[in-house]
Amino acid sequence: MKRILAILIFASAALSVATAQRLPEVATPENYKLIFTPNLETATFEGDETISIRVLKPTSEIMLNAANIDIHEATISSGGTTQKVSGTCDKEKEVALLAVEKPLAAGPATIHITYAGILNDEMRGFYLGKDDQGRKYAATQFEATDARRAFPSFDEPAYKATFDISAVADKGQVAISNQKIASDTPGPGDKHTVRFATTAKMSSYLAALVVGNFEYIEGEADGIPIRVYSTPGKKEMGKFALEAAEHVLSYYDKYFSIKYPYGKLDLIGLPDFSAGAMENTGCITFREVILLIDEKQGSSGSKKEIASVIAHEMAHQWFGDLVTMKWWDDVWLNEGFATWMSSKPIEAWKPEWNFNLDDVSQTDDTLNTDSLANTRPIHQAAETPAQIGELFDGIAYGKAAAVLRMLESYLGKETFRVGVNAYIEQHQYANATAADFWDTQTRTSKKPVDQIMPTFVNQAGVPIIDVKLQCSGNSTTV
C-alpha cells in the first residue's frame, strides 16, 4: 500500500482502538465463497459466506474477526452433521465467537453465514464512494484489519486461503475483483450476478471488490491482460498508466524467477480512496489523481509519481501478495521491498528521469526522520489495529528501502537478486519473517547477513560513529 503523509495521519486516527486479540490456533481457512449484494441507495449490503476450514483440534468454538456485521444465521457442518451456531460478538475486540453444542472433530468443516453490513463512509472495509458527477459506487479497502467489516473472517495475514467471490449488481453496473470473470448471468430480478474465478492463496486483506459505473482501456504485457479502469468520461486519462504498467510488468517478469502469477492485472482509479494505492492481488486500487493524467497537460513530476506508485504496487504482487509477512510487525518486508524495487523498472524505462537521484533524496529524508528523538526501529511489535496502523510510516517505507539498498550494495546487485528470488521461490503462496529473508541472503551470498541486518532493523536511529583526535608532539591519534 502506498501512503502519503497526510493520509497516514488520517488513517491512523480513524482506526479502531480495539484491544489486542489474535485468533486462537484452533482452525485455519482453506477457501472462502463470498456473495456480496450491495445496495448503493441504502448504503448497505447483504452477504452470503461459506468458509471451508480445517479444524486443528477438537473444539466447540470457532472464533472469527467481525466488525459492524449483523449475522442473520450461521451453521457449521462437520462429519456429515450440520449444527446451528449460537454466537456472541465482542465489538471492542472485533471478534465473533461461533459455538456449537456437539464438539467438532479435527479435520475438514464448513461454516455458512448469512449477514448484513454497512457501506460505510470511512473509506475502509466495504464502503460507499461517489464520483464527481454524484454517481455512487462500492469499493473495498481491507489493509490492514478491515476485511472483517465486509465478511466474518480469519483476518490475520498468516491465514491464507483461496477466494471465490461473486457480486450481485444492478443492471449496467460493472463488478471487478481479484480474478477474471468466470460468468455473468441475469438475475435475481433486475440485477445480474458476476462470478469470479478462484483466486490463488492469499491473505484476507488482499481480497477486493469494486461495483459501480466504470469503463476501461486495455493492453497487455507478456500475455497478461492489463486494464486501467476509471469512472465514465475519464478512461483516456489512463493511457499513461497503462503504458507504465506494461513496461513495469515486463521488467519484473525478467527480474524475478517467477513470472507474474495472477493471470490478469486491473488498475482502478477511485475518486474516494483513503490511501495512495492498494496492492490487492490482481486488482490494484488507486486514488484516481495518482493513476489518471492528461498527458498533454500533466507535468513530468505528476507522471513520475504515477509511474512510481504503479511500480510500487506491482512490486507488491511478489513482495506482500505472493510472499506475505506472518504478522504486521514485519510489514516493512512488504513496504520496504516495494519502495526499494519501484525505482528499478522506471529507471530502465525512463532513464532521463534520473530515479537514482530520487533514491538518494529519499534516503536523505529518511535520515532526517530517523534522527528524531521519537523515531522507532524498523521492526516494532504491534497488536491492536491502531498499533498496526501506526507501522505504515516513513520508517517502514523509506528507512527499510534504504537498508535494502545498502544490503544490495554490500552483496552486489546480482548476488542480492539471487537471494531475493530464492526467498520468493521458497515462500511463494505462504508467509515469511525478516529472519527468513536474512537467512536466505546469508545462504546464497555466503556472507554474514543474518548477523549484520538485525542491528539495523531492531535498533532505532541511524548508526553514529564518534571520532576524537588527540595530538601529541608530531603525531595524531584517532
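Start by selecting residues 434-445, helix H9, together with residues 449-457, helix H10: the two pack at an angle of about 145 degrees, and their axes are 8 Å apart. Keep in mind as you look around that this is a predicted model. If you turn the view so that one helix lies in front of the other, you are looking at a right-handed crossing of H9 past H10.

Now show side chains. On the H9 side, pick Trp438, Asp439, Gln441, Thr442 and Ser445; they meet Val449, Asp450, Met453, Pro454 and Val457 in H10. Colour this contact by class and you get 5 nonpolar, 3 polar and 2 charged residues.

Next, keep H9 and add helix H8, residues 413-427. The axes of H8 and H9 come within 9 Å and cross at roughly 130 degrees. Because of that angle, H8 counts as oblique to H9. The crossing of H8 past H9 is right-handed. To see who touches whom, select Thr415, Phe416, Val418, Gly419, Val420, Ala422, Tyr423, Gln426 and His427 in H8, then Asp436, Phe437, Thr440, Gln441, Arg443, Thr444 and Ser445 in H9. What does the mix of classes look like in the contact of H8 with H9? There are 6 nonpolar, 8 polar and 2 charged residues in it.

Gln441 and Ser445 are worth a click here: both belong to the H9 side of the contact with H8, and both also meet H10.

Step back along the chain to helix H7, residues 394-411. The axes of H7 and H8 come within 6 Å, crossing at roughly 115 degrees. H7 passes H8 in a right-handed crossing. Light up Leu404, Leu407, Glu408 and Leu411 of H7, and opposite them Lys413, Thr415 and Phe416 of H8. By class, that contact holds 4 nonpolar, 1 polar and 2 charged residues. Thr415 and Phe416 turn up in the contact with H7 and again in the contact with H9.

Time to leave the helices and look at a pocket. Centre the view on Lys180, Ile181, Arg227, Tyr229 and Asp266, which lie nearest the centre of the second largest pocket among its 19 lining residues. Strands giving two or more residues to this lining are E12 (174-177), E13 (181-186), E14 (191-196), E16 (215-221) and E17 (224-230). Which of the elements gives the largest share of the lining? Select E12, which supplies 4 residues. The space in this pocket comes to about 280 Å³. Around it, the lining has 9 nonpolar, 4 polar and 6 charged residues.

While those strands are on screen, look at the loops joining them. Most residues other than glycine have a negative phi, and most peptide bonds are trans. The next stops depart from that pattern.

- Zoom in on Asp222, in the loop between E16 and E17. Asp222 is not a glycine, but has a positive phi of about 50 degrees.
- Move to Pro188, in the loop between E13 and E14. A cis peptide bond joins Gly187 to Pro188, with omega about 5 degrees.
- Finish at Ala144, which sits in the loop between strand E10 (136-141) and strand E11 (162-170). Glu143 and Ala144 are linked by a cis peptide bond, and omega there is about 10 degrees.

Terms used:
Residues numbered from 1 in each chain as written. Predicted model: local features only at pLDDT ≥ 70, side-chain atom pairs only at ≥ 80, totals over all residues. Heavy atoms only, no water. 1 Å grid on protein atoms, 1.4 Å probe; cavity = no way out; pocket = protein on both sides within 12 Å on 5 of 7 lines; lining within 4 Å. Points joined across faces, edges and corners; volume = space filled by probe spheres on them. Nonpolar A, V, L, I, M, F, W, Y, C, P; charged D, E, K, R; others polar. Axes fitted to C-alpha atoms, helices over the stretch in contact; angles between N-to-C directions. Parallel < 35°, antiparallel > 145°, perpendicular 65-115°, else oblique. Left-handed = near helix turned anticlockwise from the far one by under 90°. Contact = heavy atoms within 4.5 Å.
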